[in-house]
Amino acid sequence: MFGFFEFLFPIFFIVIFVIVIGTFIATAVNGISTWNKNNNSPRLTVQAKVVAKRNHTSVHNHRHDHHTHRTASSTYFVTFEVESGDRMELQMDGSEFGLLVEGDEGNLTFQGTRYLGFERK
């Protein structure tokens, strides 16, 4: 019976290793693909309205020299509605996010899924 586990452990280790490396590679390829697609998309400026705002906060615990401390990071998203009624959610930094209010109308500039700016009317 013990011999069976000695045989199974290396296979289990290899499978977990392949899954971790595969996830890392897939995430990197997806990020590069999105970056490339955005770079090859035209820069557009359209009339739009801010219809929703949300943020996602991640909390991370770090342990160093027997001490634990927490850090938090936030990602900010705004949903815009264009004249056709279509909606798009774009990620932006916190300083831009804080300046926008639901109901704001103006000119939205973007490139693919990359937010470039919003000029209020």
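**Exercise 1. Decide whether Glu81 is buried, partly exposed or exposed in this predicted model, and then describe its charged partner.**

Step 1. Glu81 has a relative accessibility of 27%, and because buried means under 20% and exposed means over 50%, with partly exposed in between, Glu81 counts as partly exposed.

Step 2. The side chain of Glu81 meets that of Arg87 in a salt bridge, with 2.9 Å from N to O.

Step 3. Arg87 has a relative accessibility of 55% and therefore counts as exposed.

**Exercise 2. Find how many salt bridges the whole structure holds, and work out which parts of the chain are linked by the pair of Glu89 and Arg54.**

Step 1. A search of the whole structure gives three salt bridges.

Step 2. In one of them Glu89 is joined to Arg54, and the closest N and O atoms of this pair are 2.8 Å apart.

Step 3. This pair links distant parts of the chain, since Glu89 belongs to strand β3 (residues 87–92) and Arg54 to strand β1 (residues 43–64), 35 residues apart.

Step 4. Glu89, at 40% relative accessibility, counts as partly exposed, and Arg54, at 39%, counts as partly exposed too.

Step 5. Arg54 also lies over the face of Phe77, at 4.1 Å from the ring centre.

**Exercise 3. Describe the salt bridge between Asp104 and Arg120, and state for each residue whether it is buried, partly exposed or exposed.**

Step 1. The side chains of Asp104 and Arg120 meet at 3.0 Å, N to O.

Step 2. Asp104 is found in the loop between α2 (94–99) and β4 (105–111), while Arg120 is in strand β5 (residues 114–120), so that the pair links distant parts of the chain, 16 residues apart.

Step 3. Asp104 counts as buried because its relative accessibility is 12%, whereas Arg120, at 42%, counts as partly exposed.

**Exercise 4. Establish which strands supply the largest nonpolar core, and which of them gives the most.**

Step 1. The largest nonpolar core has 13 residues, and those with the most contacts inside it include Val78, Phe80, Met92 and Phe118.

Step 2. At least two residues of this core come from each of β1, β2 (67–82), β3, β4 and β5.

Step 3. The strand that gives the most is β2, with three residues.

**Exercise 5. Classify the aromatic pair of Phe80 and Phe118, and place Phe118 among its surroundings.**

Step 1. The structure holds four aromatic pairs. In the pair of Phe80 and Phe118, the centres are 5.5 Å apart and the planes make an angle of 35 degrees.

Step 2. Planes under 30 degrees apart count as stacked and those over 60 as edge-to-face, with the rest called tilted, and the pair of Phe80 and Phe118 is accordingly tilted.

Step 3. Phe80 lies in strand β2 and Phe118 in strand β5, 38 residues apart.

Step 4. Phe80 is buried, with a relative accessible area of 0%, and Phe118 is buried as well, with 13%.

Step 5. Together with Tyr115, Phe80 and Phe118 form one aromatic cluster.

Step 6. Leaving aside neighbours within four places in sequence, Phe118 is in contact with several residues, among them Ala48, Val50, Leu100, Asp104 and Leu108.

**Exercise 6. Describe how β4 and β5 are joined.**

Step 1. The two strands β4 and β5 run antiparallel, and six bridges join them.

Step 2. One bridge can be followed by residue, as Asn107 has Glu119 in β5 as its bridge partner.

Step 3. The strands β4 and β5 form a hairpin with two residues between them, and Gly112 in the turn has a positive phi of about 65 degrees.

Terms used. Residues are numbered from 1 along each chain as its sequence is written. This is a predicted model: local features need pLDDT of at least 70, side-chain atom pairs count only at pLDDT 80 or more; totals for chains, interfaces and linings use all residues. Side-chain values use heavy atoms; hydrogens and water are left out. A salt bridge is a side-chain nitrogen of Lys or Arg within 4 Å of a carboxyl oxygen of Asp or Glu. Helices (H or I, at least four residues) and strands (E, at least two) are DSSP runs, numbered from the N terminus. Buried means under 20% relative accessible area, exposed over 50%, partly exposed in between (1.4 Å probe, protein chains only). A nonpolar core is a set of buried Ala, Val, Leu, Ile, Met, Phe, Trp, Tyr and Cys residues joined through side-chain atoms within 4.5 Å. Contact means heavy atoms within 4.5 Å. Two strands pair if DSSP finds at least two bridges between them. Rings of Phe, Tyr and Trp (its six-membered ring) pair if their centres lie within 6.5 Å; planes under 30 degrees apart count as stacked, over 60 as edge-to-face and the rest as tilted. A charge sits over a ring if NZ of Lys or CZ of Arg is within 6 Å of the ring centre and within 35 degrees of the ring normal.
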